[in-house]
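Colleague: I am new to this structure and would be grateful for a close look at its enclosed cavities and at the parts of the chain around them. Please treat the matter as one connected account.

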Amino acid sequence: MSKYIFRIPSWALVSSIFVMLSAVNVFASSNDDVFKVGVLHAQEPPFVYFNPSDERYLGILIDLSEELGRRMGLNVEFISTPRNKLEENILNGNYNATFLAKSWVSIQEQVLFSEDFYVYAEYLYSTRPFESTGSLSNWVEGRTVCTRDNFIHPVIEPFLKQKTLKRLNVSLGAPIVRIMMTGRCDLTLVDDFRTEWLRNNIADMNTLHRTPDYVAQESIALMLSKVWLQRLPEFNLHIEDMKQSGVVDEIVKRHSTRKLTWLDSQ
């Protein structure tokens with residue numbers, strides 16, 4: 001049986017190896033440069049929403065992600081997810097990060113948290129006035145609160161467990177304030193960023209009443225997969241600079257004051 005030996009010129013062999021190594025490096029670096037961020041699949045302005053004309057994601061969390069990615073040399077991709085899968089999808093690798101308050105997270109030991117991007121205050125709103133000298137327990141007793149389905153609000157959880165407060169779950173994207181105004185519930189929680197957006201998008205928002213003081217404060221950060229541990233200091237450095245330079249405030253203001261003509265009143 002004949003044997004055929006093919007001799008490859010040395011220059012061709014070197015060139016082939018170089019091409020293969022280059023391909024491997026390009027593939028590895030492109031993966032390293034992609035940063036996937038999980039965002040809720042329904043519109044929740046001013047944090048996440050999209051224009052139906054091009055279905056491009058917009059909002060506070062979108063701009064914060066893109067600015068952070070630009071500073072860190074990352075190509076940001078947004079992955080749509082339901083709220084009840086927001087944490088699970090970090091662990092199974094569907095995306096690298098999402099925005100959450102640490103107090104809402106049940107898997108704190110299995111993930112990383114960046115520096116806070118911002119802190120907002122939450123108020124209870126109602127169609128009826130609150131007693132100025134009252135307390136949270138007085139304001140919620142015997143009433144029903146509208147909250148987003150699968151969302152956790154630590155400030156009202158004790159009253160729900162004690163059954164002094166009832167809960168009406170409202171799906172993401174549904175106009176929760178409008179639902180309260182129809183009388184289906186007595187209360188809803190609204191943060192100060194969303195309050196500003198609602199004033200610009202609901203004509204009669206000013207007819208509602210809110211608690212004399214905020215009932216909770218939440219610090220919103222990036223919740224990251226642990227594979228990003230080595231770059232966590234870099235994330236924190238850029239986040240701090242974004243806050244100190246006013247970039248975060250500018251992004252929040254731009255989206256909180258924007259009127260969206262294509263959305264149903266929230």
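Modeller: In this predicted model, the lining of the second largest cavity consists of 5 nonpolar and 2 polar residues, with no charged ones. Its residues are F35, V37, S65, L68, G69, F99 and L222, and they surround a volume of about 40 Å³. Two elements, β1 and α2 (60–72), each contribute two or more residues to this lining. The greatest contribution, 3 residues, is that of α2.

The helix α2 therefore deserves attention in its own right, for it is largely enclosed by the rest of the structure, 10 of its 13 residues being buried. The buried positions are I60, L61, I62, D63, L64, S65, E67, L68, G69 and M72. Among them are S65, L68 and G69, which also appear in the lining of the second largest cavity. From its first C-alpha to its last, α2 reaches 18 Å, close to the 18 Å expected for its 13 residues at 1.5 Å a residue. Immediately afterwards comes G73, which has a positive phi near 70 degrees.

The other cavity may now be considered. A search of the whole structure yields 2 cavities of 30 Å³ or more, and the largest of these holds about 510 Å³ of space. It is lined by 29 residues, of which E44, F47, W104, Y120 and F151 lie closest to its centre. Two or more lining residues come from each of β1 (34–40), β5 (97–101), β6 (112–126), β7 (143–148) and β9 (187–191). The largest share belongs to β9, with 4 residues. By character, this lining comprises 18 nonpolar, 5 polar and 6 charged residues. Strand β1 thus gives two or more residues to the largest cavity and also two or more to the second largest.

The nonpolar packing involves several of these elements. The largest nonpolar core has 47 residues, and within it F117 and Y118 have the most contacts. Elements that supply two or more residues to this core are β1, α2, β5, β6, β11, α8 and α9. Here too α2 is prominent, since the largest share of the core, 6 residues, comes from α2. Beyond its neighbours within four places in sequence, Y118 is in contact with F47, I60, L61, L64, F193, E218, S219, I220 and V248. Of these partners, I60, L61 and L64 are among the buried residues of α2, while F47 is one of the residues closest to the centre of the largest cavity. Apart from this core lies another, of 20 residues, including V170, A174, M180 and W197.

Helix α8 (residues 232–244) is among the contributors to the largest core. It has 13 residues and spans 18 Å from first C-alpha to last, close to the 18 Å expected at 1.5 Å a residue. Its buried residues are L232, F235, N236, H238, I239 and M242. The cover over these residues includes β1, α2, β6, β11 (216–224) and α9 (247–256). Just beyond α8, G246 adopts a positive phi of about 90 degrees.

Strand β6, which gives two or more residues to the lining of the largest cavity, also holds L124. With a relative accessible area of 1%, L124 is buried, because it falls under the 20% cut-off. Leaving out residues up to four places away in sequence, L124 touches F130, L136, V140, L187, T188, L189, H209, R210, T211 and V215. One of these partners, H209, is 85 residues from L124 in sequence, yet their C-alpha atoms are 8.4 Å apart in space.

Another buried position is T195, in helix α7 (residues 192–201). T195 counts as buried because its relative accessibility is 2%. Outside its neighbours within four places in sequence, T195 is in contact with Y125 and V190.

Finally, the chain as a whole gives the setting for these parts. It contains 9 helices and 11 strands, and 47% of its 266 residues count as buried. Among contacts between residues at least 6 apart in sequence, 72% join residues at least 24 apart.

Conventions. Residues numbered from 1 in each chain as written. Predicted model: local features only at pLDDT ≥ 70, side-chain atom pairs only at ≥ 80, totals over all residues. Heavy atoms only, no water. 1 Å grid on protein atoms, 1.4 Å probe; cavity = no way out; pocket = protein on both sides within 12 Å on 5 of 7 lines; lining within 4 Å. Points joined across faces, edges and corners; volume = space filled by probe spheres on them. Nonpolar A, V, L, I, M, F, W, Y, C, P; charged D, E, K, R; others polar. Expected span 1.5 Å × (residues − 1). Buried < 20%, exposed > 50% of the residue type's maximum accessible area, 1.4 Å probe, protein only. Contact = heavy atoms within 4.5 Å. Core = buried A, V, L, I, M, F, W, Y, C linked by side-chain atoms within 4.5 Å.
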